[in-house]
Each structure stands twice: as structure tokens, then as C-alpha cells.
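User: Please take me through the side-chain contacts and the overall make-up of the structure shown below. I would like each reply to be reasoned briefly and to end on the value or name requested.

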Amino acid sequence: MTTTEQAKAPILHFPYQSIQFIADSNQCQHLTDDSIKYLTLEVTGIVRFLLQDALKFTRKCRRTKMITDDFESAMKMRYLEPIVGFRLSNGNLPFKTTTAAGLGHREVQCIDDHELQLDQVITAPMPKIPLDVSIRTHWLAIEGKQPTINENPEIISKADLTTDSLDPMKSLTKKRYNLDASKIKTSNPHELSLEQQIYYKEITEACVGSEEQKRQEAIGSLSTETGLHQILPRIVLFISEGVKVNLMQYNLAILIYLMRMTSALLENKSLYCEKYLHQLFPAIMSCILAKQLCVRPDADNHWALRDYASSRCAQMVKMFSASIHGLRNRIVRIFLRTFHSERLPLVTHYGALVGLCEMGQETIEELVFPIIRTLGDRIVKSVENPSLSQMDKTTIDRINGVISKYIPPAYRTSRSTPDDIEHFKQEFGNFYGPRLYTQVTQQRQQPRSTTQPTQVSESTIY
Amino acid sequence: MHFSSPTSSSPQNPISNPTNSLSTNNVLLLPSNTTSKMSFIIPNNNTNNNNNSSQQQQQQQIISTPTSGLTTSINSNGINSISNVSLSSGQTTQQRLSFPQRTTSQSQQIPQEEFAKILRVLQENNMTESVEIFKKEYQSLFNKTTSSFSEPYFTALDGYISYVQEQPDTSRHEFSQLIYPLFVHMYLDLVEKDHAQEAQDFFKNYVQNTNLQATVFAAHKDDLFRIKSLVTKELIAQSEYVKSFRHNGRYWIKLCNASLELLDQFLIKQQKYPLLTKIVQAYFQLEINDGSARNAETQRLLSGGRLGEIKTEDNTNRMYYGLLRDHDLTRILQHKAILSSSTGADNEDGVGDDQPSTSKNRKKLKKDFFNQRQSKASLKVDPNAPQLTRIPIPELREHERMDLINTFQEDYSRMLKITPDNLPSCCYYTLLNGYLEINCLEVSEDSTLLAVGCKNSSIYVYSLNRRKLITMKLPSELERLDKSNEHIYEQMMTNDDSKDNTNQNNDSDILYNQRLLCGHTGPIYGLSMSREKWFLLSCSEDYTIRLWSLLTWSCLITFRGHTQPVFDVQFGPFGHYFASCSLDKTARLWCIEHAQTLRIYTDGCNDIETLCFHPNSNYIATSSSDRILKIWDLLESKEGQQMKPIRQMSGHKLNVCILKFSKDGRYLISAGYDRQIMIWDCSNGSLVTCLLGHSDAIFSMDLSRDGSILCTGSADFSIRIWNFGQLIKDKDDGKLDTLQRVTPSAKYELVTYRTKRTSTTLIHFTRRNLLLGFGVFIPPNDSTTKATKT
């Protein structure tokens with residue numbers, strides 16, 4: 001509370017009714033109007049004096065905001081008993097307004113004084129322990145220059161803005177420093193402007209809404225807008241949470257939309273998603289590997305989602321494997337582990353296979369070739385199983401499709417002629433060996449172009 | 001409800017005291033001896049003001065009676081007018097754009113008693129409807145017929161304001177000085193005469209005038225807020241503000257001769273507004289300023305005190321602002337300065353060459369860079385230095401002397417000289433989780449200990465270097481020590497250092513040791529550490545000051561004497577003495593060996609909020625709630641005389657937070673909530689200049705060890721560094737073109753350092769001139785006030 005504000009603020013004045021109500025509740029019903037008026041003035045005056053005294057304490061403690069303790073001190077100074085227990089909780093006054101029926105429906109403020117159940121108090125979780133004062137040191141300035149460290153404020157300049165857009169985590173960590181230091185984990189340090197909040201709301205609504213036109217625009221905006229780094233964490237969180245929720249509800253459409261958002265974010269040149277991979281990868285992997293993605297797995301085209309997601313996954317690995325050590329290996333290991341665990345349904349294996357195949361030539365050569373044999377054995381086994389479901393049949397068809405789509409071109413580039421059918425059988429097993437052999441030999445006759453469909457065509461997804 | 005009987009004048013009528021003549025040769029009191037003239041002039045004047053109604057006649061009658069001329073209240077015209085507050089609460093607000101002609105017909109008015117009588121009769125007979133109708137009728141009658149009581153007040157003040165407007169630009173500001181005090185007195189009069197509603201209108205009318213707001217009221221915003229809340233007679237009687245405004249002396253106004261004559265003409269000769277004349281005679285004191293009218297800016301800078309400016313006479317006594325000549329500490333410091341300069345580490349030229357020839361004990365401590373630059377002449381004994389025996393100061397103990405010599409040799413030889421090209425580095429200590437809990441901070445002279453005073457009445461002491469806090473051994477162990485050993489002082493302490501010195505914890509963010517001192521029963525408002533780090537003083541809301549030992553970590557003495565919360569306490573520069581100030585309107589001088597107060601400095605009706613010791617330990621400076629800085633002498637005044645401040649300085653518009661003397665003791669620097677950094681010359685109490693630059697309250701200040709750099713920390717989350725040495729040098733050379741005026745920040749500001757969300761509450765230069773900043777981190781969700789303001 002500053003003095004200039006005080007001078008401008010309307011002068012504090014108790015309503016006449018409040019005083020009357022207090023008088024009434026203290027068995028003084030027969031006060032005349034004049035005496036109540038006089039009392040009102042008097043009480044108001046006393047409170048004003050107290051406020052002026054309280055201001056002395058506020059100022060002495062070098063604060064710009066008056067707190068209840070200042071008022072208590074002021075009361076003590078005038079030998080009044082301080083009122084204990086009135087604290088602003090979350091900045092709200094601890095009063096509630098009611099209308100007193102007996103007083104001609106006037107608004108009266110009273111203290112919300114509800115009864116507490118003892119057992120509730122006892123069983124309630126312990127409140128947070130107030131944190132102890134701690135001291136943190138840093139260099140505010142070194143020989144006249146303020147070093148650009150987290151503890152110092154950002155000096156807003158163009159250079160800073162660009163680094164900010166490259167690495168939004170920097171500003172985020174700057175803000176977070178104070179949090180870590182004061183060990184307040186629950187409150188949020190990341191402030192968004194109102195415009196950003198509105199943008200976020202509109203974008204997310206449009207992306208998962210029903211209007212395709214709007215969605216196109218939103219996706220376009222996400223992929224081109226340059227100032228998104230501030231809300232990038234929010235969008236990423238939206239995607240990852242959205243995937244989590246919709247996966248459980250088999251909401252295929254939404255999942256596809258979310259993947260398109262991811263794709264848009266990746267396309268945006270000004271964004272740098274590296275710091276959010278821990279959220280993005282699980283979401284994408286879930287879309288690739290989930291046991292079930294839609295309500296009717298045999299009818300709905302969840303294959304498109306898996307394919308699309310795996311191509312996104314491969315894209316991300318390509319983008320970030322340079323800066324993140326071992327990213328590729330980790331992702332690949334996840335796929336392989338999934339593939340080798342036999343308890344999982346065929347659809348998941350399909351996902352893993354697509355995911356691996358999308359990784360490119362090298363991965364296919366090194367990792368997919370060796371597993372085709374086991375895959376073939378597994379398919380043979382499940383085909384022999386009398387209780388083969390329609391779902392599994394489609395999956396097997398799909399797997400065959402993937403194999404014939406990725407393997408022959410890869411094989412053609414990696415191994416030179418002549419092709420030997422026995423060799424194929426040995427490498428890829430009895431199920432896939434002959435098939436691949438024919439496909440490879442067919443392809444060898446075609447000219448070497450347009451043979452590597454590394455990406456699922458976008459049309460399947462839109 | 002008060003139907004105040006009109007004949008009785010207000011019991012505590014302030015005008016009733018005829019002015020006692022205090023006039024000295026250059027002080028002209030608008031005097032009581034002109035009253036006879038007044039009463040003569042009025043009847044003539046009346047012909048000019050026929051339209052000014054019967055009220056004036058009323059007044060004139062009373063004025064012209066010789067005995068009651070000045071003693072009667074201004075309410076004299078209220079004989080037949082009835083206080084209408086009670087009846088018409090919703091009275092129409094008065095538009096003050098023009099002065100309507102008023103016709104009063106007193107014959108139609110029903111006297112107040114009769115009205116009350118009729119009303120009573122009606123009420124007794126339960127004729128409620130009639131009561132209503134009668135009231136209404138009376139009211140309408142009343143509104144039509146009586147002019148309001150406040151009318152002459154409006155007329156008078158409007159008249160004066162328009163008179164001021166007529167003055168030429170060059171001297172208008174001189175006249176406008178009177179507007180604010182006139183306004184306040186008029187308002188208080190109105191309230192005291194039970195015309196609350198009219199008083200509110202009066203207040204609103206002038207305070208909401210944007211023109212006046214910017215010029216006249218700008219310096220008094222804080223007091224206007226207080227005035228605004230005084231709405232009843234009873235509140236005025238209780239108000240401390242009114243006490244200090246009305247009954248603590250006269251409102252002091254400085255004018256040039258020409259303006260004064262004009263004013264005299266207007267107020268006394270013309271007598272257009274007798275009301276004004278009365279107020280001026282009762283409450284004002286006009287002083288002739290030599291020469292022509294002052295600069296408007298200067299005048300604006302110097303205004304802001306609750307009672308106007310400072311009597312020139314008050315600042316004429318001699319003040320020995322020089323540093324102590326022969327004290328050990330001075331000598332050691334001086335000796336070291338030579339040492340350092342001869343080793344060449346400190347390249348302050350001149351010192352090394354000039355000084356070795358003079359005998360050691362004649363050398364004066366000269367840490368100030370700008371002084372050292374001067375010729376040999378300045379090395380002579382400073383005529384302004386007080387005698388060493390003026391205030392007895394204990395000599396240093398032998399081991400203290402050795403300690404000092406050692407540490408100073410080490411540190412001062414490595415002291416950085418700060419220049420515009422070589423700006424100081426700043427190490428910042430942010431106190432986390434302490435917002436609203438930590439009240440005050442204090443750091444030891446050698447920058448190794450930090451004391452933190454909390455709202456919950458506890459004091460924490462932290463070690464800022466990696467050493468453990470030392471503790472004295474138990475008495476039983478002490479007895480066993482060999483007292484002739486030269487390392488006796490080291491042996492007295494428990495030495496945990498050796499064990500923990502390995503520093504297994506290399507993280508600089510973690511403090512190595514802390515101590516808690518408990519004893520106070522209220523929030524701590526002030527802390528002070530003695531030079532040798534043995535003692536800590538703390539003052540608290542519980543009216544006491546405690547002296548703590550930083551060796552045994554216990555409370556040694558509780559000093560009682562203050563009768564209200566103690567706001568500040570500070571050790572003298574040589575220890576031994578300390579001063580405290582309190583809301584009980586006194587500052588006190590103590591000595592750590594006695595539990596009783598040595599001196600009590602009372603300051604009328606004003607709380608004393610901060611204080612600062614002069615570096616020669618002969619004076620203390622205080623700032624009080626009337627926004628006037630005062631310097632008090634530690635020397636006892638003559639028998640029977642009340643302690644009077646030796647210097648007074650007015651100019652701050654809001655509370656002062658921090659005071660500091662320059663290192664040579666000549667200048668006093670003050671800063672506070674009004675964002676002004678004001679530099680005062682102690683030799684005559686005049687303002688040197690005012691530095692502006694901060695955009696919020698200034699909480700902390702320090703001068704570099706060589707005295708050339710001033711550093712201020714503010715609530716706007718910044719630290720600013722000013723070239724104080726250059727400023728003083730320019731002033732001495734006569735090159736400072738903003739003498740007694742505002743110096744813009746660009747001129748002497750070297751650099752601004754910004755913090756994130758920490759307002760610096762303590763700034764400290766180490767012996768090597770490294771800048772340390774201390775502040776409590778303000779959590780972002782508490783920034784609502786901040787945000788709305790900007």
C-alpha cells in the first residue's frame with residue numbers, strides 16, 4: 001500500500017448499518033439515530049488512526065504492503081487488545097455477507113465461523129511445514145557488468161529473445177530457480193500473458209474440435225507461428241495428457257488430431273522441442289504400440305495412426321539424435337523389447353515393426369532383418385491356431401504389407417546380386433524367405449528409383 | 001448530535017493565544033502590534049465589500065472590540081446560523097466555480113433552541129408525521145435562507161489563490177507556500193466548529209483541484225491523507241498530527257523581502273479577508289530571505305516538512321563535523337593508508353609523498369579520495385574537528401589494536417579504487433522464504449557476520465565466510481588458561497575451526513553456521529553490531545533494547561527506558577556509546593556500561609524513526625515523522641536548557657528510511673520513501689543537491705570505504721551507484737550547476753544493477769570495496785501492489 005494510493009483511495013468509512021447491527025447484537029437496541037451516527041464517525045476515526053499507526057510499522061519494516069501484523073502492532077501501541085486470528089487467506093477477506101432479516105434486509109458482514117469436527121482435524125493431513133530462511137549468494141555484477149545468470153533479471157534485448165526462442169527452457173529454468181531455491185514445488189512459476197492464454201485455449205479447442213476447417217488453420221498456425229516458445233510447454237503437456245486420457249477411451253480421432261499437433265510443432269522452425277521429448281515420446285510411442293486404439297479395432301483405421309505416429313517418431317529421432325546422446329538406441333531398444341515379448345498381441349508387434357522400419361535403412365538392415373524370421377514363425381503359429389480372430393487376420397495382412405513394403409528395397413540396396421532362395425530362407429525363415437525372394441528379384445528388374453517409401457502418405461491420415 | 005450553543009466558542013480555540021513576539025532582526029512576525037491597525041481599517045474596507053453580507057459585519061464587530069479582537073473564534077458569525085449537519089446530511093455539494101451572491105435574511109430563521117423545543121413537544125405527543133413534516137419544512141427554510149458556515153472560508157482561500165495567480169511568474173511560488181497551511185488550518189477550524197459536512201466539501205474542493213495537486217499539495221500527500229481522516233472534533237483532539245502541526249510551533253515560511261512587503265500589504269493593510277489574517281497571525285512565522293526570490297525548484301525541494309521550513313537561526317550554532325584527530329583508531333587507519341600507498345597497491349597519489357614527514361599523531365584520518373587529492377594545507381589540523389576529550393571515548397585495548405593493524409594492513413592494501421572505468425563488483429545475498437518475516441538486517445564491519453531480525457522476535461546470526469561462529473569457552477576452562485600467553489584471546493575461544501575447516505561442503509550457497517538469539521517479545525526493528533564483533537544490539541516492539549554477546553551468544557543487558565516500540569538502534573563508531581530512537585518521540589543515548597539513559601532527546605510530537613551516528617561520535621542524526629532531519633549534540637546542554645537539535649533539515653516529502661554521514665563527516669545523506677536522495681552540508685544545514693533516479697522507495701545506502709562512491713538500494717529492485725566524490729568536488733569547485741536543485745540521475749550515476757525480485761534492504765562495502773547487497777526475496781504472487789502501481 002503506497003501513500004499515493006492512499007491519498008486517492010476513497011476514504012474508509014463504516015456503513016451506518018454495520019454499527020447499528022453491532023449495537024443491536026450487544027443489547028443496545030435503543031440507540032437514537034444520532035448516537036449511531038456519532039458512533040460511526042468515532043469508530044471510523046479510531047480505525048483510521050490505527051491504520052496510520054500501522055503504516056508506520058509497514059514503513060519501518062521496509063515493505064510496500066501492509067499486513068495484519070502491522071495492524072496488531074498499532075493496536076498494541078494504543079493499548080488495545082490485538083485481534084488474533086484474522087488472516088487473509090489467499091487474499092480474500094475472511095468475512096461473508098449475509099442479509100439480516102430483522103434489520104430490514106440490510107447487508108451485514110460477519111465472520112464465517114463454522115464448526116470444526118475434531119476427528120476431521122485430527123485425521124487431516126499435516127499442513128506443509130513452513131520453510132526456514134535460507135540465504136543464496138550470487139554475483140549481481142562483476143566489474144560493472146551483470147552476468148547473465150539465472151539469479152539476475154533478464155535484460156530484455158533482441159539477442160535474448162532469439163536465444164529464448166531457441167531454448168525456452170532457459171527462461172523457464174530462470175524462473176524455476178527461485179522455486180527450487182525456496183523449495184516450493186506446488187506453485188507454478190511460469191506466467192503466461194492473457195493473450196497467450198487465449199491463444200492456447202483457442203488452439204487446443206480448434207485442434208480437437210469438430211470443425212476440420214478450423215483445425216487446419218490451427219495446425220497451420222502451430223507449424224508457422226514464431227512466438228510460441230512461451231506456451232510450448234503447455235501445448236506439449238496438452239498433447240501428452242490428451243494422449244493418456246484418450247488412449248483409455250479409445251478415442252481414435254482425437255489421438256490422430258494430437259499427433260497432427262505434434263507434427264505441426266515439429267515442423268515449426270522457431271520451436272525447439274528438445275526439452276519436451278520426455279513428454280512427447282511416450283505419447284507417440286503409445287500411439288504406435290497400444291493394444292487397442294479405437295472402439296472397433298477390426299473396422300476402424302487405427303493402422304493409419306500407428307503408421308503416422310511411427311513416421312513422426314522416426315522424424316524426431318532423426319532431428320534430435322545428434323544432440324541427445326543415445327536417443328536412437330533407446331527408442332530402438334523399446335521397440336525391440338516390445339517385439340520380443342510374446343505375450344503382447346500382434347497389433348503391438350505391428351506397431352513395433354513399423355516403428356523400426358520407419359527408422360530407415362540402417363535400422364532395417366541391422367535390426368529388422370534378424371527378427372523377420374521370428375516374426376514369420378510367430379505368424380505361422382497364430383495362423384495354425386484355430387481360434388484366429390478376424391482382428392488377427394487383418395493384422396497379419398498388415399504385417400505382410402509392411403514387410404513387403406520396407407524389406408525388399410532395403411535388401412536390394414544392402415545386398416548385391418545374385419540372390420539365392422536358400423539364403424533367403426535361411427535368413428528370413430520359411431514363411432517370409434520365399435516371398436521376399438520373389439519381391440526382391442522383381443524389384444531388381446525395376447529401375448532404382450522411387451523405391452523407398454519411408455513415409456506413410458499424409459492422405460491416409462487426413 | 002450536537003446542537004452546540006452558538007454563543008460558546010470552542011474550548012480550545014487555537015487563535016485565542018495572542019502571538020508572543022519572537023521577532024529577531026531578520027524575522028518578521030506578522031505581528032500582534034498591528035492589530036490596532038486592523039480594527040481601524042476594517043470599517044473602511046466594508047464599503048468595498050457590501051455584497052459580502054452580514055457575516056462579515058458580525059466578524060467586524062467582534063474584531064473591532066479591542067479585547068476580543070483576536071481572541072474570538074472565527075465562528076463569530078455563527079450566532080444565528082444553525083449547524084445544519086445533523087439535519088441535512090445530504091446537503092448539496094457546493095460548486096466552487098463562481099461565487100454566488102448570497103442574500104441572508106436572518107429574521108426568517110427559527111432559532112435553534114425553539115426548533116428543538118417544538119420538535120420535542122411533537123415527539124412527546126407521538127406526532128411522528130408532524131415531526132417529519134416539520135423537519136422537512138424547517139430544512140427547506142433553512143437551506144433557502146442561511147448561507148453555509150463555510151462560505152467565508154471558501155471565499156478567503158479562493159481569494160488568496162487568485163491573488164497568488166496574479167503575481168508575476170518569478171515570485172508566484174513564494175506566495176503559494178501559504179496555500180497549503182492556510183488550507184489545513186481552515187479545514188481543521190471547520191471541523192472543530194462541528195461543520196463536518198462542509199469541511200468535507202471544503203477538503204474535496206481544493207484537494208481535487210488538479211492544479212493545486214501538482215503544485216501545492218504535492219509535497220504534503222502523506223499529511224493530506226491524515227487530514228482527510230479527521231472528520232470530527234474529537235478525532236482532532238486525539239490526533240497526533242494536529243498536535244504536531246498546530247501546537248508544536250509555527251509554520252515557518254521563508255520569503256524574500258519584496259514578497260513579504262506585498263504580502264503584508266495584502267493581509268494586513270487591505271484586510272480583504274480577515275480570516276486569512278487571523279490564521280497567519282496565529283500560526284505562521286514569516287522569515288525574510290536575503291536577496292531576491294529563491295528559485296521555485298529550490299523552494300519546492302525544501303518544502304515538505306510538517307511545519308514548513310527550518311528557522312535559519314536554528315542552524316547557526318557551530319557543529320564540529322571534522323573527524324577525531326588523535327584517536328587510536330584514526331591513527332591506525334591513517335598509518336595503514338600510508339603503508340598501502342607506499343607499497344603501491346593503492347595508487348592514490350599524493351598521500352604517500354605528503355604524509356610521512358608529518359608526525360604520526362597529527363595526521364587526520366583521510367579516507368576520502370577527494371580530500372587526499374588536495375594540497376598539504378588540508379593536512380593541517382582540521383578546525384572543524386572536535387577535541388578528543390569533547391566526548392570521552394575509550395582507548396582501544398592492546399589486542400584490538402593489533403587485530404586492527406593486521407586486518408587493515410591486509411585489507412586496505414588490497415582496496416579497490418572505484419572509478420567510472422572501474423565499477424564495483426557486487427555480491428548479492430538473497431534471503432529466501434523470509435518475505436514478511438524478516439524485518440531488518442545488519443552486517444558486521446568486516447563483512448563476516450550477518451544478523452537478521454525477524455518479526456517473530458528472534459534474531460539469527462549467520463557467518464558469511466566459511467568460518468564457524470566462535471564461542472567463548474566455559475568459565476571453568478577459562479580459569480585454567482595461562483593468562484600471560486600472548487595468544488590468550490585465541491585460546492579463550494572454542495576452536496572448532498580446525499576440524500571443520502576442511503570444507504567438506506563446497507557449495508557456496510549453503511551457510512556454514514548460524515545462531516539464534518531469543519529474548520525479545522516483539523518484532524525486531526533494528527540491529528547494530530559493534531566494530532570488533534563482540535556485541536550486537538537489538539531493539540524491538542517490546543520497548544526494550546538488548547545487548548547480546550557474540551562470544552557467549554547470550555543476552556548481557558536489557559536496556560529499558562523507552563515507552564513505545566523502539567525503531568532503531570546504532571552503535572557509535574568507536575563502540576561504547578549507542579543511540580536508540582522510538583515511537584515514544586524520543587531518541588536516547590546510552591552507553592553499554594550503564595543500564596540508564598545518558599541523554600534523552602525529545603522531539604515534540606513526532607516519532608523518531610531512524611538515526612545515524614556521526615563518524616566522530618559527537619553527534620547523532622535522526623529523522624522523524626514530521627520529515628525533518630535533526631542532528632543532536634552528544635555534549636550535555638547547559639543547565640536547565642532543553643536539548644535542542646543543532647541542525648534541522650526539511651525537504652523530504654515522505655518518511656526517511658536511511659541516513660548516512662559522508663566519511664569525512666561533513667555531509668549528511670538521506671533517502672526514503674519519496675525516492676529523493678538528498679545531500680546536506682552539515683556546516684550550515686543547507687541542501688547541496690537532490691539526486692533523483694530511483695522509481696520506488698529507497699531502503700538502503702552505503703558509501704565506499706574511500707568515501708567517493710555512494711550506493712543506494714531501492715524497492716524498484718535496483719541498486720544505483722553514484723559518483724559522490726565527483727559531486728562534492730564539483731560543488732567545492734563551484735561547478736555544480738544544480739546546487740540546491742534536482743540533479744538528474746544521468747549526471748552522477750555510474751551504473752544501475754538490477755535484481756530480480758529482491759528489494760535491497762542492506763548495502764555494504766567491504767574493506768576492499770567489494771559491494772555486498774542483501775535483500776529478502778519477494779515471491780511473485782505478492783506483487784499485486786507492485787503491478788497495479790506500474
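User: Is E212(A) buried, partly exposed or exposed?

Analyst: The model is a predicted one. Buried requires a relative accessible area under 20%, and exposed requires over 50%. E212(A) has a relative accessibility of 33%, so this residue counts as partly exposed.

User: With which residue does E212(A) form a salt bridge, and is that partner buried or exposed?

Analyst: The partner has a relative accessible area of 2%, so it is buried. The two residues are three apart in helix α9 (residues 212-224) of chain A, which means that about one helical turn separates them. Their side chains meet at 3.1 Å, N to O, and the partner of E212(A) is R215(A).

User: How many residues apart are K533(B) and D446(B)?

Analyst: The side chains of K533(B) and D446(B) meet in a salt bridge of 3.1 Å, N to O. K533(B) is partly exposed at 24% relative accessible area, and D446(B) is partly exposed at 22%. K533(B) lies in the loop between β11 and β12 (535-540) of chain B, and D446(B) in the loop between β5 (438-443) and β6 (449-454) of chain B. The pair links distant parts of the chain, and the separation is 87 residues.

User: Which residues are joined into one network by salt bridges that share partners?

Analyst: The structure holds 38 salt bridges over all chains. Among the residues in them are some joined into one network through shared partners. The members of this network are D53(A), K56(A), R78(A), E240(B), K585(B) and D607(B).

User: What is the N to O distance in the salt bridge of R59(A) and D222(B), and why does that pair join two chains?

Analyst: R59(A) lies in helix α3 of chain A and D222(B) in helix α10 (residues 221-228) of chain B, so the pair joins two chains. R59(A) is buried at 7% relative accessible area, and D222(B) is buried at 2%. The N to O distance of this salt bridge is 3.1 Å.

User: How are the ring planes of F57(A) and Y525(B) arranged: stacked, tilted or edge-to-face?

Analyst: The search over all chains finds 34 aromatic pairs. In the pair of F57(A) and Y525(B), the ring centres are 5.7 Å apart and the planes stand at 40°. Planes under 30 degrees apart count as stacked and those over 60 as edge-to-face, so the arrangement of F57(A) and Y525(B) is tilted.

User: Which elements hold F57(A) and Y525(B), and are these residues buried or exposed?

Analyst: F57(A) has 0% relative accessibility and counts as buried. Y525(B), with a relative accessible area of 5%, is buried. The pair joins two chains, because F57(A) is in helix α3 (residues 33-60) of chain A and Y525(B) is in strand β11 (residues 524-529) of chain B.

User: What is the angle between the ring planes of F571(B) and F578(B)?

Analyst: F571(B) is buried at 6% relative accessible area, and F578(B) is buried at 0%. Their ring centres are 6.2 Å apart, and the pair is edge-to-face because the angle between the planes is 65°.

User: Over which ring does the charged end of R312(A) sit?

Analyst: The charged end of R312(A) is 4.6 Å from the centre of the ring in question. Another arginine, R378(A), lies over the face of F339(A) at 5.1 Å from the ring centre. For R312(A), the ring is that of Y308(A).

User: Which residues of chain A are in contact with T430(B)?

Analyst: T430(B) is placed in strand β4 (residues 426-432) of chain B. At 2% relative accessibility, T430(B) counts as buried. Leaving aside neighbours within four places in sequence, its contacts in chain B are T758(B), G775(B) and F777(B). The contacts of T430(B) in chain A are S134(A), I135(A), R136(A) and H138(A).

User: What share of the residues of chain B count as buried?

Analyst: Chain B has 25 helices and 33 strands. Its accessible surface comes to about 32,400 Å², with 50% belonging to carbon and sulfur atoms. Of the 790 residues of chain B, the share that count as buried is 59%.

Terms used:
Residues numbered from 1 in each chain as written. Chains lettered and ligands numbered in written order. Predicted model: local features only at pLDDT ≥ 70, side-chain atom pairs only at ≥ 80, totals over all residues. Heavy atoms only, no water. Phe/Tyr/Trp six-rings, centres within 6.5 Å; stacked < 30°, edge-to-face > 60°. Helix = DSSP H or I, 4+ residues; strand = E, 2+ residues; numbered from the N terminus. Buried < 20%, exposed > 50% of the residue type's maximum accessible area, 1.4 Å probe, protein only. Lys NZ or Arg CZ within 6 Å of the ring centre and 35° of its normal. Contact = heavy atoms within 4.5 Å. Salt bridge = Lys/Arg side-chain N within 4 Å of Asp/Glu carboxyl O. Areas by Shrake-Rupley, 256 points an atom, 1.4 Å probe, with all protein chains shown as cover.
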